[in-house]
Amino acid sequence: MKFRLDTFTLLLLGAIVLASFLPVTGQAADLLATTGTIAVALLFFFHGAALSRQQIIDGATHWRLHILITALTFVFFPLAVLPINGLSNLVPEWMPRDLGLGFLYLGVLPSAVSSSIAYTAMARGNVPAAICSAAASNVFGMMLTPFLLLLLVSTSGTGEFAVAEALKDIVLQLLLPFAVGHAFRPMLGGFLSRNESLMARYDQCVIWIIVYSAFSHSVVSGLWQNLPLQAVVLTILLCFGLLGLFMLVAMTMVRKLGFSLEDEAAVVFCGSKKSLASGLPMAKVLFSGHPGFGMIVLPIMCYNQIQVIVGAILAQKYRAKIDRASAAHASE
């Protein structure tokens, strides 16, 4: 079985390389940052217009499954990254402080919507439950993420976090556009549903702008001088470890609770994934102007690429297993 990097992954890597050799500076950097702020607000406006209330309401009766996914995403994952952040005090040459903050941020992010649903569908899992949980995770994540991050930062003593300013920016740049977009859903919902590929490309363009702008700022601030190679290697290994741990925890808990194999696929994919599409725009708001921004978003960028590759392998294994179970049931 052959796997290759998709076009968007290559474009993100290209943005990092371009920022490393040709970082945007001065007035051009300010203009790009302003463009990114406007683009993020439009991004959440479009998400608000595209999201149906029924997506949150549907499947809510399967409350045990949704509680489990929510607990994995917003309770167990944040607790799991606390010891990782603690390494910044013990071995700062392996875990710089901003990188440790990045792992805290990774821990409080919502689940990835598109890949969670896509892999659940590929695995022939419980797609309605995946849609409900992933959508609800992202809606509530806009409110939960900054509060959980504040709680983890306070618990771990990782510097200062301007919560009042961050919450104001979250409301003005994310929640308000999202709410306005949802109000315009009767006018825009049909267009957005017919042009999902166009919206996906817009999402990718916004992420590319954020990555290039953020890494340019970080490179100018000395990112590669302050980020040792061993820290990059450790980040990759820890991301593999976190993904494997939460997939294993999800499988174990689902089986103990007696859920079906289809439910298991939904919980494994929704409960172990973290959203790059929501994570980078929110990071731009929460850590605006932070000199270590590139280091902060490094864990979510690594984790995202790893979850894409591992998810593709696991989805095919679930599909084969569920198909075998369905065939055995039909022959009875």
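**Note on an all-residue reading of the predicted model**

1. Arginine 124 lies in the loop that joins α6 (113-122) to α7 (127-156), where helices (H or I, at least four residues) and strands (E, at least two) are DSSP runs numbered from the N terminus. Its phi is near 65°, a positive value in a residue other than glycine. Most residues other than glycine have a negative phi. Arginine 124 is partly exposed, at a relative accessible area of 39%; buried means under 20%, exposed over 50%, and partly exposed in between (1.4 Å probe, protein chains only).

2. This is a predicted model, in which local features need pLDDT of at least 70 and side-chain atom pairs count only at pLDDT 80 or more, while totals for chains, interfaces and linings use all residues. Residues are numbered from 1 along each chain as its sequence is written, and side-chain values use heavy atoms, with hydrogens and water left out.

3. The chain has 15 helices and 0 strands, and 49% of its 332 residues are buried.

4. The largest nonpolar core (buried Ala, Val, Leu, Ile, Met, Phe, Trp, Tyr and Cys residues joined through side-chain atoms within 4.5 Å) has 86 residues, and Tyr105 and Phe287 are among those with the most contacts inside it. Helix α15 (residues 293-331) gives the most to this core, with 15 residues.

5. Helix α14 (residues 276-286) is mostly covered, with 10 of its 11 residues buried. Setting aside residues up to four places away in sequence, tyrosine 105 is in contact (heavy atoms within 4.5 Å) with residues including Ser278, Gly279, Met282, Ala283 and Leu286, and these five names also appear among the buried residues of α14.
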